[in-house]
Every structure is written in structure tokens, then in C-alpha cells.
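Please look over the sequence and the model below before reading on. The paragraphs that follow go from the overall fold to a ligand site and then to a pair of packed helices.

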Amino acid sequence: MSSNTNLLEIHNLHAGIDETPILNGVNIEIKPGEIHAIMGRNGSGKTTTANIIMGHPDYEVTAGSVNLNGQDLLEMETWERSRLGVFLSFQYPQAVPGLQVGNFLRKSVAAIRGEDVAKGPDFRKSLKDAMKELDIPRSFLGRYVNDGFSGGEKKRFEILQLMLLEPKLAILDETDSGLDIDGIRTVAKGINTAIRGTDSGALIITHYSRILEHVQPDKIHVLIKGKIVKTGGPELALELEERGYEWLDNGGNYADSEESNSAVNTTD
Ligand code: ADP
Ligand code: MG
């Protein structure tokens with residue numbers, strides 16, 4: 001049933017919180033090296049999808065499956081998923097006063113990729129290169145994690161973690177919101193560097209098409225009321241920008257809709 005060529009397979013995912021259904025039919029398949037996007041209005045279930053892949057304990061999965069390289073993520077604790085290479089960049093990153101950025105990065109890399117990777121000149125070089133690519137000044141390393149960071153600094157710091165942790169699957173929840181155009185370009189560059197040409201993949205969650213112009217996702221999935229109603233190529237972002245989401249409110253079953261390999265029934 002599960003194909004070996006997929007990095008991530010989400011099939012028919014249904015989930016909720018305290019008996020309230022939030023997701024009712026999420027289907028996504030990502031191949032190694034691919035970048036996909038989930039787009040949808042506020043409240044459509046984007047963050048919920050990200051949290052469930054990562055293993056947030058508040059949500060209850062009522063049906064469906066989530067596999068990474070053929071392994072059942074839903075059976076695993078959050079830390080096991082993280083070890084396996086799942087990375088979630090938060091929509092609202094948490095400040096940790098007292099924990100310095102440099103220490104945090106070294107400890108994170110040691111925990112995920114091993115002690116050896118986190119020390120020595122190689123680590124210092126990759127840290128330096130990544131910071132340069134993201135326009136992050138050296139002084140950043142001595143600051144406390146997300147403490148007093150501007151919106152743009154928080155987002156760039158998320159991408160710095162992504163570049164150093166080299167996850168198998170990076171999920172980026174609204175990493176573009178609040179960024180100016182230079183910030184978006186920088187973040188997009190970091191994502192492309194971390195994923196393109198590797199066997200990793202990324203899922204970018206956004207409700208703006210702007211970052212997608214710089215990342216050029218392989219596929220875009222539209223989430224409406226907890227269901228993926230349409231999957232298309234990068235051109236779908238522009239169409240959404242122009243037409244909004246209304247034309248998909250009936251489940252995407254629309255006369256001139258192009259390729260859609262997702263569920264389109266509206267019987268909920
Ligand atoms: P999005 O990220 O697309 O804006 P969310 O996944 O955050 O949407 O939320 C989807 C729906 O689930 C919303 O109606 C939201 O109120 C509800 N929801 C999400 N998290 C919780 C929670 N912890 N408790 C109660 N309701 C929640
Ligand atoms: Mg959200």
C-alpha cells in the first residue's frame with residue numbers, strides 16, 4: 001500500500017480536539033527533494049495538520065495515517081519523530097530567556113544529529129555559512145532564544161535551525177508572515193538550500209502566495225474546513241491570489257478546475 005518512493009504520506013487524516021472535529025480528509029504525498037505548500041484561510045486546519053505530524057498531544061487522530069519513509073509517525077512520541085528527522089517551525093516561536101542561541105543550536109544539533117556533528121570546526125563552519133546566507137549577525141549567538149527578537153529575526157532563526165538540523169521533513173508554519181520582501185527572499189533561499197537536491201522534503205504552510213514565488217513548490221494543496229479540496233502546481237497560488245478561496249468552497253468540484261488528485265466530495 002505505501003510506496004517506497006514517497007517521503008511523506010498522509011492518507012485520509014481525520015483529527016480533532018475535545019470531540020470537535022478539525023481535520024476531515026487530509027491527503028498529501030511528498031517525494032524526496034520536493035517542496036509542497038498548504039494554503040488555506042485562517043482556521044482551516046493548517047496548524048492542526050502541522051501539529052499532528054509533529055505529535056502535539058492535544059489532538060486526537062480519529063482516522064487515517066501519517067508515514068515518513070514508510071514508518072508510522074502516529075505511533076511515535078514527539079521526540080522520536082524529531083530524531084527521525086521531522087522538524088516543525090512554529091507559527092509563534094517561544095522565547096526562552098536564559099538560553100543562548102549558540103548553545104541552543106549546538107545542543108539541538110547534538111540531540112538530533114549526534115554529538116560529533118555538533119562540535120569541531122565543521123560545525124562552526126556550517127553555522128557560519130548558514131548565518132551568512134540568512135544575513136544573521138555574529139552577535140545573534142549570544143542572545144537568548146527568541147527573547148526580544150523582531151518578527152523577522154524569529155523567522156530567520158527558525159530557518160537557521162532548519163539548515164543546521166538537516167531534517168528529513170521540514171514543516172514551516174507561516175514562516176513568511178510578518179516578513180518584508182527581503183526577509184521572504186532570505187527565508188526562501190534558506191528553504192531551497194536545505195531541501196532542493198537533497199532527499200529531504202518540506203511542507204510550507206502559508207496563506208500568501210508571495211513566498212511561493214521564490215520557492216516554487218512542486219505542489220500546492222488547498223485546505224478548506226479541514227479537508228484538502230484541491231491539489232495543483234505552483235500556478236494554483238496565483239489563481240488563489242486572484243480569485244480567493246470562494247470558488248473552492250463547494251469542495252473544489254468546479255467546472256474549469258484542473259488536475260486534482262484529492263478528495264472532492266462534499267458530503268460532510
Ligand atoms: P489555521 O492554522 O489554518 O489558521 P488551526 O489549525 O490553527 O487553523 O485551527 C483550526 C480550527 O481548530 C480552528 O477552528 C481552531 O479554533 C480549532 N483549534 C485549533 N487548536 C485548538 C485547540 N487547542 N483547542 C480548541 N480548538 C482548536
Ligand atoms: Mg495556523
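Helices are here DSSP runs of H or I with at least four residues, numbered from the N terminus, and it is in this sense that helix 1 gives the most to the shell around ligand 1, with three residues. The model is a predicted one, and its description can begin with the chain as a whole.

The secondary structure of the protein chain comprises eight helices and twelve strands. Its radius of gyration is 18 Å, close to the 18 Å that the globule rule gives for 268 residues, so the chain is as compact as a globular protein of that length. Along the principal axes, the C-alpha trace extends over about 55 × 40 × 35 Å, and 40% of the 268 residues are buried. Of the contacts between residues at least 6 apart in sequence, 72% link residues that are at least 24 apart.

The surroundings of ligand 1 consist of Ile17, Ile22, Gly40, Asn42, Gly43, Ser44, Gly45, Lys46, Thr47, Thr48 and Asp58. Sorted by class, this shell has seven polar, two nonpolar and two charged residues. Helix 1, which runs over residues 46-54, is mostly covered, with eight of its nine residues buried; among them are Lys46, Thr47 and Thr48, which also belong to the shell around ligand 1. The buried residues of helix 1 further include Thr49, Ala50, Asn51, Ile52 and Ile53, and just after the helix Gly55 adopts a positive phi of about 100°.

Two packed helices are described by the angle between their axes and the distance between the axes. For helix 4 (residues 121-133) and helix 5 (residues 151-165), the angle is about 140° and the axes are 10 Å apart, with a crossing that is right-handed. Helix 4 brings Ser126, Leu127, Ala130 and Met131 to this contact, while helix 5 brings Leu160, Met163 and Leu164; by class, these are six nonpolar residues, one polar residue and no charged residues.

What makes Leu127, a residue of helix 4, count as buried? A residue is assigned to that class if 20 or more other C-beta atoms lie within 10 Å of its own, and Leu127 counts as buried because it has 20 C-beta neighbours inside 10 Å. Apart from neighbours within four places in sequence, Leu127 is in contact with Leu105 and Leu164, of which Leu164 is one of the helix 5 residues in the packing contact. Leu127 also lies 9.3 Å from Gly102, C-alpha to C-alpha, with their positions 25 residues apart in sequence counted as separation.

Conventions
Residues are numbered from 1 along each chain as its sequence is written. Chains are lettered from A and ligands numbered from 1 in the order in which they are written. This is a predicted model: local features need pLDDT of at least 70, side-chain atom pairs count only at pLDDT 80 or more; totals for chains, interfaces and linings use all residues. Helices (H or I, at least four residues) and strands (E, at least two) are DSSP runs, numbered from the N terminus. The radius of gyration is taken over C-alpha atoms; the globule rule is 2.2 Å times the number of residues to the power 0.38. A residue is buried if 20 or more other C-beta atoms lie within 10 Å of its own, exposed if 12 or fewer, and partly exposed in between; C-beta atoms are placed from the backbone. Two residues are in contact if their C-beta atoms, placed from the backbone, lie within 7 Å. Axes are lines fitted to C-alpha atoms, for helices over the stretch in contact, and angles run from 0 to 180 degrees between N-to-C directions. A crossing is left-handed if the near helix is turned anticlockwise from the far one by less than a right angle, and right-handed if clockwise. Ala, Val, Leu, Ile, Met, Phe, Trp, Tyr, Cys and Pro count as nonpolar, Asp, Glu, Lys and Arg as charged, and the others, Gly among them, as polar. A residue is near a molecule or strand if its C-beta atom, placed from the backbone, lies within 6 Å of it.
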